[in-house]
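User: I would like a close look at one part of this model, the metal site, with some account of the chain around it. Please take it step by step and keep to what the coordinates support.

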Amino acid sequence: MTFKDIRFGPAGLGGVDAALDRLEDYSKKRLKACEIAFTYGVYIKDKEDAIRIGKKAKELDIKLSIHAPYWINLNSKEKKKIEESKKRILDCCKVGDWLGAYVVVFHPGYYGGMDKEETYQNIKKAIIEIKEEIKKNKWKPELAPETTGKVNVFGSLDEIKRLVEDTKCSFTIDFAHILAREKIVDYEKIKKLFEEYKSWHCHFSGIEYGEKGERKHKKTGRENWKNLLKELPKDKTITIINESPYDVEDSIEGLSIMLQKR
Ligand SMILES: [Zn+2]
């Protein structure tokens, strides 16, 4: 089983001071992707720092992505909250451009008691507006809304696909979230939905879930890795960010399983 292009990497880079060492360490472990977690805030603020980190990543051939803050809701009833959410995503795009990151991942928003179609339209409108800003600034990272893990949160596979079609944004397929949300991962459906796109940004980990969806990410089981790698399309450019509490260790395991299967 040979993949055309596949990369594994953790969901974090740590603080600015340790970033270059971390990248070296990931590289030694043959991890070729890293998602910088701005989940609790855009903590890289200095342009020089960002450029330095980006340059190092490029030298080591580590593909960078960014996870935007959790506190984002593009479907809030309060206009102010939508604007703040847009700004958070745009801040990630700005810093992401300095870093040379290729996508900015985010959870688009909540239904908040609203109709699903109305929610979709609001989120679509916000993404189009954010894209206009990105274009104006000539920033390179693409927006990659993520499939979410809770039944009552916007972000089903079909919703994300529709956003991709309607706004020409990119996407993040979180396989753990899909399992938590749908109780099953329908790989055939996923392959069909995203067949035409060459680059897939993916999240993966073990997950604990209940009726309403995800509870928490957990260690990625070996069998889960094997199954995912068996099912993933082989002809695409795939990045798999591991979001387990053992993201580095689990990424190494995924990589080693993939190499064994060659
Ligand atoms: Zn995720």
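Analyst: What follows starts at the metal site and then turns to a strand, the cysteines and a lysine.

The model is a predicted one, and the description below should be read with that in mind. The zinc ion is coordinated by Glu 146 and Glu 243 through OE atoms, by Asp 174 through OD and by His 203 through ND1, at 2.0 to 2.2 Å. Along the sequence, these donor residues follow the spacing E-x27-D-x28-H-x39-E. His 203 and Glu 243 link distant parts of the chain, being 40 residues apart, with His 203 in strand β7 (residues 199-204) and Glu 243 in the loop between β10 (237-242) and α9 (247-260). Both His 203 and Glu 243 are buried. As for geometry, the angles among the four donor atoms run from 88 to 164 degrees, and the site is classed as irregular; the reason is that a tetrahedral site needs all angles between 85 and 135 degrees, while a square planar one needs opposite donors over 155 degrees apart and all others between 65 and 115.

The strand β10, which comes before the loop that holds Glu 243, is joined by six bridges to β1, and the two run parallel. Within this pairing, Pro 10 stands opposite Asn 242 of β10. Strand β1 itself, residues 5-10, is mostly covered, since five of its six residues are buried.

Turning to the cysteines, a search of the whole structure finds zero disulfides. Cys 202 is buried at 1% relative accessibility, and its sulfur cannot be bonded to another cysteine because the closest cysteine sulfur, that of Cys 169, is 15 Å away. Cys 169 is likewise buried, with a relative accessible area of 6%, and for its sulfur the closest cysteine sulfur belongs to Cys 93, at 11 Å, which is too far for a bond. A disulfide would require two cysteine sulfur atoms within 2.5 Å.

One lysine completes the picture. Lys 86 lies in helix α3, which spans residues 79-99, and it counts as buried because its relative accessibility is 10%, against a limit of under 20%. The side chain of Lys 86 makes a polar contact of 3.3 Å with the side chain of Glu 83. Apart from neighbours within four places in sequence, Lys 86 is in contact with Leu 74, Ala 126, Glu 129 and Ile 130.

Conventions. Residues are numbered from 1 along each chain as its sequence is written. This is a predicted model: local features need pLDDT of at least 70, side-chain atom pairs count only at pLDDT 80 or more; totals for chains, interfaces and linings use all residues. Side-chain values use heavy atoms; hydrogens and water are left out. Helices (H or I, at least four residues) and strands (E, at least two) are DSSP runs, numbered from the N terminus. Buried means under 20% relative accessible area, exposed over 50%, partly exposed in between (1.4 Å probe, protein chains only). A polar contact is a pair of N or O atoms within 3.5 Å; within protein, one must be able to donate a hydrogen and the other to accept it, and residues adjacent in sequence count only if both atoms are side-chain atoms. Contact means heavy atoms within 4.5 Å. Donors are N, O and S atoms within 2.8 Å of the metal (3.2 Å for Na, K and Ca); water is not among the atoms, so sites may look incomplete. Four donors count as tetrahedral if all angles lie between 85 and 135 degrees; four count as square planar and six as octahedral if opposite donors are over 155 degrees apart and all others between 65 and 115; anything else is irregular. Two strands pair if DSSP finds at least two bridges between them.
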